[in-house]
Amino acid sequence: TPVAEGILRRKSIQLRNKQQDWQESVEGQKMQELRKSLPAYKEKEALLNAISQNQVIVVSGETGCGKTTQLPQYILESEIESARGATCSIICTQPRRISAMSVAERVAAERGENLGDSVGYKVRLEGIKGRDTRLLFCTTGILLRRLLLDRSLQGVTHVIVDEIHERGMNEDFLLIVLKELLPRRPELKLILMSATLNAELFSSYFHGAPMIHIPGFTYPVRSYFLENILEMTGYRLSTYNQIDNYGQEKSWKMQKQQTVRKKKTQIASAAEDALEGADMRELNPRTRESLSCWNPDSIGFNLIENVLTHICKKERAGAILVFMTGWDDINSLKDQLHSHPLLGDPTKVLLLACHGSMDSSEQKLIFNKPEDGIRKIVLATNMAETSITINDVVFVVDCGKAKETSYDALNNTPCLLPAWISKASARQRRGRAGRVQPGESYHLYPKSVYDAFAEYQLPELLRTPLQCLCLQIKTLQLGSISDFLSKALQPPEPLSVQNAIEYLKIIGALDDNENLTVLGRKLSVLPVEPKLGKMLILGAIFNCLDPIMTVVAGLSVRDPFLTPFDKKDLAESAKAQFSGGDNSDHLALLRAYDGWKAAERQQSGGEYCWRNFLSLQTLRAIDSLRKQFYHLLRDTGLVDNMEKCNTWSHDQHLIRAVLCSGLFPGICSVVNKEKSVSLKTMEDGPVLLYLNSVNAQEPRIPYPWLVFNEKVKVNSVFLRDSTAVSDSVVLLFGGTVSRGAIDGHLKMLGGYLEFFMKPGLAATYLTLKRELDELIHM
Ligand code: ADP
Ligand code: MG
């Protein structure tokens, strides 16, 4: 209506005057000067022009050049100047909630305003946003949610997707949805921002959208790798040093054999090569020997401490940025450093942590320059790689690993373990040291390990297990899974997608029409693979969560049982003793863990591990993962409170049943022959067990089935950890029947369970199974 239009026009003029007043004020002028010094400023006109002439543009530029804080602000200012202040609505997405919050605060300050005036933010469960907010910073997850309610983003004029080079799953999802929306909303502008130069991929995805690069400048940065660091600092890695963060008492040699035996990762073997490589021979023998004690599995707190001391004592002034894997690591290191005579002395060192859950007063300290004579050390996650820029950093310490953790349910990633970063990430980390003067970067791994890093990290969409991905698409109501995924920037294999959908139907997370079931909805909020999630949920329902959390954590970390070459028999019998003839690797793990916890209470955890061929490091990782599961389950409302712990059942029949619910359809039949046991799966025919399974040692297995969590094809098919289960457990807990009639379910169990088709038995079973399913889907 004309009246409403009049109000809007007046409002726009008010906003324009307010903006002008600020820009003409003394403080405003000072701020303008600061902003003009950023590289983005030189491209301001070009950027605004490109936006007005195109629906989509791709902007790239070095971290810190002013993309996030400046570009959205340029758009806002120009809209306000053109008297469109009251009608524009700009949304800028960030992959992490912490950056959405800190950037909004910064931009509001640069405009001389409070948060919630023209600039606001919104993240899950939190936000500051007012009636006049025209520029909103939010997490990618928040915008996806908004798209669920409002498919055409009514009223939004600009969408800016930041940090697209990270290739997070949510960002890839968002781009698919936006690409479909653009033709229906011709006046909507889309701006993609990336820290690296690989903008072509995004440009061609959007039909050749123009690319604009903001040239930046960084000072040269010198790189040191582990061998240089050892020579430079004279620090000796020794088997003892591997106790580092974990108090590991096993000799590294033993672990190394374990590593070789399991052929762990490409990187671990690269580490092996590094230690035997020709260029290593040029190093002095002490360094070589020290290097051979390096443990790729350990973050090496003592080594970090040593490097930090070296910089503080020997190097010029300048802040140190330490890249760690996650907030738990950051906190433990911080604790350790606090008791250090130099690093823990607040008159000499300002020790700060920078991670997703810090508050804003802590954040300010990170950006501020400390007093003269005080050295700022910031312990950060990979968030400080691109989304946060600390200007006075001169030294970078890079542990070479990253862990994906996030706090937004829509940002769930099933990867809870640290993994090696890519070369691109390592370069990015190094670059953080050269913002204000030439810098130095200390990489805590050998150069040869760096050489074996992947060039770029695989996009999250291709890293995430497909079953999790399919659940996510259904949770976000994005329609048919296959159709949706085929439109991605880099789509996964169609056949694998089909298999994942089939699997989700079998475990009862999706119904026949590919709709989420109640179980599926519960699984989608747990950041673990559906099979592990299902065990946790059933563990909660059947009141045996305590042991189930241990087993699930064990399955997600790695096997804590060590099998050194020279003591194989001893190690195997140690493990067998935990099994106690129960025919279950999972129950053995559970007893080993419980025994360790009991020993810890007597201060003899290390000795216990030593005696029983267990990895203390792995048991600790299991312990910490258990805690994470617990918080997750509590946050999602699946368990009420910690006190319940004491009443949790440890009944092994119950545990077997819950294990079966998660591991099915990973099942094989057992036939006891005269001298051996023969095993068969429906898909592969005869299969074998890995020799370190307790079931491989048994002359006979007094159960008709084994459920297993993993099978590996070498020349034959081998099963990893397994647990023996009875017919009735398989019938009741294997898969689900809620998607159809009993016949369908029995057909699915078919090949295995024909003999159960007797009419009487089937009827009893039907009743039982329905009751159970009601419980699961409640
Ligand atoms: P980009 O997005 O291109 O990486 P940013 O816009 O985030 O760059 O940062 C531009 C500049 O603004 C950097 O020099 C950075 O240090 C500075 N900056 C960003 N946030 C803050 C803040 N909260 N306090 C002080 N300076 C900041
Ligand atoms: Mg940025």
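Trainee: Which residues have the most contacts inside the largest nonpolar core?

Mentor: Ala 104, Leu 536, Ile 548, Val 552, Cys 660 and Val 707 do, in a core of 138 residues. Keep in mind that this is a predicted model.

Trainee: Take Val 552, then. What does Val 552 touch, not counting residues up to four places away in sequence?

Mentor: Val 552 touches Leu 532, Met 535, Leu 536 and Phe 629. A second, separate core has 55 residues, including Ile 299, Val 394, Trp 420 and Tyr 445.

Trainee: How do you know that contacts in the protein chain join residues at least 24 apart?

Mentor: From the share: among contacts between residues at least 6 apart in sequence, 74% join residues at least 24 apart. The chain has 35 helices and 23 strands, and buried residues make up 46% of its 778 residues.

Trainee: Let's test that word on a single residue. Why is Leu 679 called buried?

Mentor: Leu 679 has 23 other C-beta atoms within 10 Å. The cut-off is 20 or more, so Leu 679 counts as buried.

Trainee: Where is Leu 679, and in which strand?

Mentor: Leu 679 belongs to strand β18, residues 677-681. Leaving aside neighbours within four places in sequence, Leu 679 is in contact with Cys 668, Val 670, Pro 686, Val 687 and Leu 706.

Trainee: How far apart are Leu 679 and Pro 704 in space, C-alpha to C-alpha?

Mentor: They are 9.8 Å apart, with their positions 25 residues apart in sequence.

Trainee: On to the helices. What makes the buried residues of α4 line one face of the helix?

Mentor: Helix α4, residues 44-53, has Lys 44, Leu 47 and Ile 51 as its buried residues. Down the axis of α4, these fall within an arc of 70°, so they line one face. The face turned away from that buried side carries the exposed residues Glu 45, Ala 46, Ser 52 and Gln 53.

Trainee: What covers the buried residues of α4?

Mentor: The cover includes α3 (39-42), β1 (56-61), α5, β7 (189-194) and β8 (211-214).

Trainee: And which are the buried residues of helix α7?

Mentor: In α7, residues 140-149, they are Thr 140, Gly 141, Ile 142, Leu 143 and Leu 144. Among the elements covering them are β2 (90-94), β3 (119-123), β5 (135-139) and α8.

Trainee: Now the ligand. Which residues are the closest to ligand 1?

Mentor: Lys 67, Thr 68, Thr 69, Arg 106 and Thr 389 are the closest of the 15 residues that surround ligand 1.

Trainee: Which helix gives the largest share of the shell around ligand 1?

Mentor: Helix α5 does, with four residues. Both α5 (67-81) and α6 (97-110) supply at least two residues each.

Trainee: How do the residues of the shell around ligand 1 divide into nonpolar, polar and charged?

Mentor: The shell has three nonpolar, 10 polar and two charged residues.

Trainee: What about the backbone? What makes phi of Arg 167 worth a look?

Mentor: Phi of Arg 167 is near 55°, a positive value in a residue other than glycine. Most residues other than glycine have a negative phi. Arg 167 is in the loop between β6 (158-161) and α8 (169-181). With 23 other C-beta atoms within 10 Å, Arg 167 is buried.

Trainee: Why does Phe 613 count as buried?

Mentor: Phe 613 has 23 C-beta neighbours inside 10 Å, and 20 are enough, so Phe 613 counts as buried. Its phi is also positive, near 55°, and Phe 613 lies in the loop between α29 (605-612) and α30 (616-635).

Trainee: Is the peptide bond from Phe 664 to Pro 665 cis or trans?

Mentor: That bond is cis, with omega near 5°. Pro 665 sits in the loop between α31 (652-663) and β17 (667-672).

Trainee: Finally, which elements of the protein chain have the lowest and the highest mean pLDDT?

Mentor: Helix α11, residues 252-262, has the lowest at 41, and β6 has the highest at 98. Over the protein chain, pLDDT averages 84, and 85% of the residues score at least 70. The model scores ipTM 0.98 and pTM 0.77.

Trainee: How many contacts beyond four places in sequence does the model have for residues 405-415?

Mentor: It has 31, and pLDDT stays under 50 over residues 405-415. Over residues 750-759 pLDDT also stays under 50, with 11 such contacts.

Note on methods
Residues are numbered from 1 along each chain as its sequence is written. Chains are lettered from A and ligands numbered from 1 in the order in which they are written. This is a predicted model: local features need pLDDT of at least 70, side-chain atom pairs count only at pLDDT 80 or more; totals for chains, interfaces and linings use all residues. A nonpolar core is a set of buried Ala, Val, Leu, Ile, Met, Phe, Trp, Tyr and Cys residues joined through C-beta atoms within 7 Å. A residue is buried if 20 or more other C-beta atoms lie within 10 Å of its own, exposed if 12 or fewer, and partly exposed in between; C-beta atoms are placed from the backbone. Two residues are in contact if their C-beta atoms, placed from the backbone, lie within 7 Å. A residue is near a molecule or strand if its C-beta atom, placed from the backbone, lies within 6 Å of it. Ala, Val, Leu, Ile, Met, Phe, Trp, Tyr, Cys and Pro count as nonpolar, Asp, Glu, Lys and Arg as charged, and the others, Gly among them, as polar. pLDDT is the predictor's confidence in each residue, from 0 to 100. The arc is that of the directions from the helix axis to the C-beta atoms.
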